[in-house]
Amino acid sequence: MSETIYQLDNITQRYAGKTVLHLPELSLEGPAIVGLIGPNGSGKSTLMRILGFLQAPTSGEVRYRGRPARPFDPAVRFAVTMLPQEPFLMHRTVAANIAYGLKLRGNGGDLEARIAEALDLVGLDPAAFARRQWYQLSGGEAQRVALAARLALTPRVLLMDEPTARVDEASSQRIQAAALEARRERGTTLVIASHDWEWLYSICDTVLCLFRGQLIGGAKGNLIRGPWEVDDRGSYLRRLNGGQLFRVPPPPADEAVAFLAPEAVALNPLEAGPTGHAHLKGILTRLALEPNHRQLTATIMVGDLALSARLTVERVAEQQLYPGRTVTLSYTPASIRWIGMVDG
Amino acid sequence: MGYILDGVVTALRLLWQGDPQTFSAIGATLTVSSYSMAASLLMGVPLGFLLGYTEFPGKHQVRLVVDTLLALPTVFIGLLVYALISNRGPLGEMGLLFTLPGIAVGQTLLALPIVVALVATAVESMDPHLRPTLISLGANRRQLLLTSLWEGRHGILAAALTAYGRVMTEVGISMMVGGNIKWQTRTITTAIALETNKGLFGMGIALGIVLLMIAFAVNLSVSFLRRR
């Protein structure tokens with residue numbers, strides 16, 4: 001049964017006086033898989049640490065299953081756990097690393113069986129790995145052991161901050177599979193921050209996009225940076241590689257970034273798009289099916305700029321859109337939203 | 001050269017025969033260094049941990065003071081402690097002057113900055129991922145502290161070992177506060193200084209060998225503990 005796992009109100013995080021995250025309101029339902037995407041420095045890791053109760057926000061309230069919660073609260077200590085990006089283990093054996101959290105919970109009974117089960121989940125042979133020291137593992141194996149140590153705790157929420165960024169392909173696949181199994185078999189809510197948006201779109205029930213510490217939508221948005229120019233007619237634009245012009249409404253500041261929702265982008269295989277729209281010519285490079293199997297995310301290269309559009313399966317079939325095809329991309333400049341600095 | 005060889009032969013004979021004077025100095029040294037190490041570790045490990053683990057206003061200034069105290073000359077500590085515990089000093093009534101506990105007070109002051117500074121450095125060099133990992137595995141504040149200490153045990157051992165080496169080999173405090181009284185406050189180092197002045201190299205070399213053996217035994221124990 002679905003319930004509100006997290007309710008965040010007026011969350012602000014500042015470091016050295018600089019605001020790095022500001023979320024007026026965010027609610028996450030569970031059990032579910034929630035994806036977090038955004039460029040480096042967008043506030044993903046800060047939000048993950050707040051959701052993982054590793055740090056309290058500078059201001060604002062975090063509610064966990066309806067109750068205000070802070071780091072070390074008994075209600076969250078044994079329910080929420082987080083796998084960081086860096087593979088890190090304590091300076092002890094693999095078995096002792098997995099046993100640590102179990103012992104804290106008083107789950108000392110049948111320790112060996114639970115350690116073996118956890119190692120099996122991440123695809124490591126318990127007989128070969130349980131007695132190994134932390135320094136006898138590769139980066140990928142260490143990350144899998146770190147995940148095993150969390151899965152052994154059967155958490156209600158497992159947060160994974162770019163869990164596969166620093167591991168090899170085989171470990172990456174195993175980590176992804178183990179996390180999904182935890183969601184399927186145990187009803188664990190997964191919150192995953194990753195740059196791999198295709199993977200996120202293929203597995204997540206919800207994807208949130210962060211940029212400059214703000215939530216800018218529930219999908220991978222198109223973020224276009226300046227420099228912004230003004231043409232002879234007084235219209236603002238950015239000159240793209242190849243000479244095409246990306247037209248925008250007047251920016252509020254030079255450093256403002258234009259946000260164009262993928263839903264606001266239309267694709268057309270013909271030469272011309274609808275009148276009253278801005279048009280760009282590009283090559284459709286990728287189509288990714290979303291988990292609902294009703295929509296696709298298309299990636300179109302315009303010069304060196306990658307733009308995304310969200311299309312229905314029917315529309316893609318009807319217009320015979322396929323990777324490699326030259327398309328006309330249309331949008332109305334009025335649909336562009338400006339994103340400034342959080343402090344600005 | 002001959003008198004040095006004679007000294008080595010005499011040293012071995014003194015140790016083999018269990019010379020009472022030699023073993024009295026060894027006993028005094030082990031007693032006083034045990035007191036001072038226990039006191040400096042009990043105070044220094046928590047202080048060093050706090051200094052390395054937490055952020056507070058004035059931390060850099062505190063660190064600067066602690067690092068400066070690493071270079072405290074033993075004769076200056078001897079002078080300070082002597083002034084405090086002599087009959088005219090504020091702690092004169094405690095009767096610590098020319099006693100082993102008196103020397104231990106001075107040696108504790110010598111070892112404390114070493115323990116604090118090296119434990120703080122060990123804690124600062126711990127992997128920054130340790131804290132979030134322990135919290136995310138469910139540790140409360142006390143468990144976080146204890147596990148962090150355990151994870152930093154090698155650095156803490158190194159701090160203790162360095163402080164022990166300094167305490168064992170100091171002369172100034174033992175001489176000034178202890179008075180080098182035969183059978184009572186004569187330690188290995190003050191005995192070596194005295195016997196060398198008297199031209200009796202045998203006992204000096206014997207005590208030097210003992211100092212080396214103690215250092216070897218301590219290092220061996222630490223190395224064994226590290227492997228476990």
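This report walks through a predicted model, starting with chain A and ending with a helix pair in chain B.

**Chain A overall**

Chain A has 344 residues, and 40% of them count as buried. Its secondary structure adds up to nine helices and 21 strands. The C-alpha trace spans about 75 × 45 × 40 Å along its principal axes. If you look at contacts between residues at least 6 apart in sequence, 68% join residues at least 24 apart.

**A four-stranded sheet and its helix**

One piece to pick out in chain A is an open sheet of four strands, in the order S2-S1-S4-S5, with antiparallel pairing. Strands S2 (18-30) and S5 (67-68) of chain A sit at the edges with a single partner strand each, so one side of each has no neighbour in the sheet. For S5(A), the pairing with strand S4 (residues 59-64) of chain A is antiparallel and runs over two bridges. There, A:Arg63 stands opposite A:Pro68 of S5(A).

Now add helix H1(A), which lies across S1 (3-15), S2 and S4 of chain A and runs at about 125 degrees to S1(A). How many of the eight residues of helix H1 (residues 44-51) of chain A are buried? Six are, so the helix is largely enclosed by the rest of the structure. The buried ones are A:Lys44, followed by A:Leu47, A:Met48, A:Arg49, A:Ile50 and A:Leu51. Just after H1(A) comes A:Phe53, with a positive phi of about 55 degrees.

**A parallel pair**

Further along, strand S6 (residues 80-83) of chain A runs parallel to strand S7 (residues 157-161) of chain A, and four bridges join the two. A:Thr81 stands opposite A:Leu158 in S7(A). As for the side chains of S6(A), A:Val80 and A:Met82 point one way, A:Thr81 and A:Leu83 point the other way, and all are buried.

Here are the two strand pairings side by side:

| Strand pair | Sense | Bridges | Facing residues |
|---|---|---|---|
| S4(A) and S5(A) | antiparallel | two bridges | A:Arg63 and A:Pro68 |
| S6(A) and S7(A) | parallel | four bridges | A:Thr81 and A:Leu158 |

**Over to chain B**

Two packed helices are described by the angle between their axes and the distance between the axes. In chain B, helix H2 (residues 20-53) and helix H5 (residues 100-124) pack at an angle of about 35 degrees, with their axes 6 Å apart. What kinds of residue make up the contact of H2(B) with H5(B)? The tally is 24 nonpolar, ten polar and one charged. As for handedness, the crossing of H2(B) and H5(B) is right-handed.

Note on methods: Residues are numbered from 1 along each chain as its sequence is written. Chains are lettered from A and ligands numbered from 1 in the order in which they are written. This is a predicted model: local features need pLDDT of at least 70, side-chain atom pairs count only at pLDDT 80 or more; totals for chains, interfaces and linings use all residues. A residue is buried if 20 or more other C-beta atoms lie within 10 Å of its own, exposed if 12 or fewer, and partly exposed in between; C-beta atoms are placed from the backbone. Two strands pair if DSSP finds at least two bridges between them. Two residues are in contact if their C-beta atoms, placed from the backbone, lie within 7 Å. Axes are lines fitted to C-alpha atoms, for helices over the stretch in contact, and angles run from 0 to 180 degrees between N-to-C directions. A crossing is left-handed if the near helix is turned anticlockwise from the far one by less than a right angle, and right-handed if clockwise. Ala, Val, Leu, Ile, Met, Phe, Trp, Tyr, Cys and Pro count as nonpolar, Asp, Glu, Lys and Arg as charged, and the others, Gly among them, as polar.
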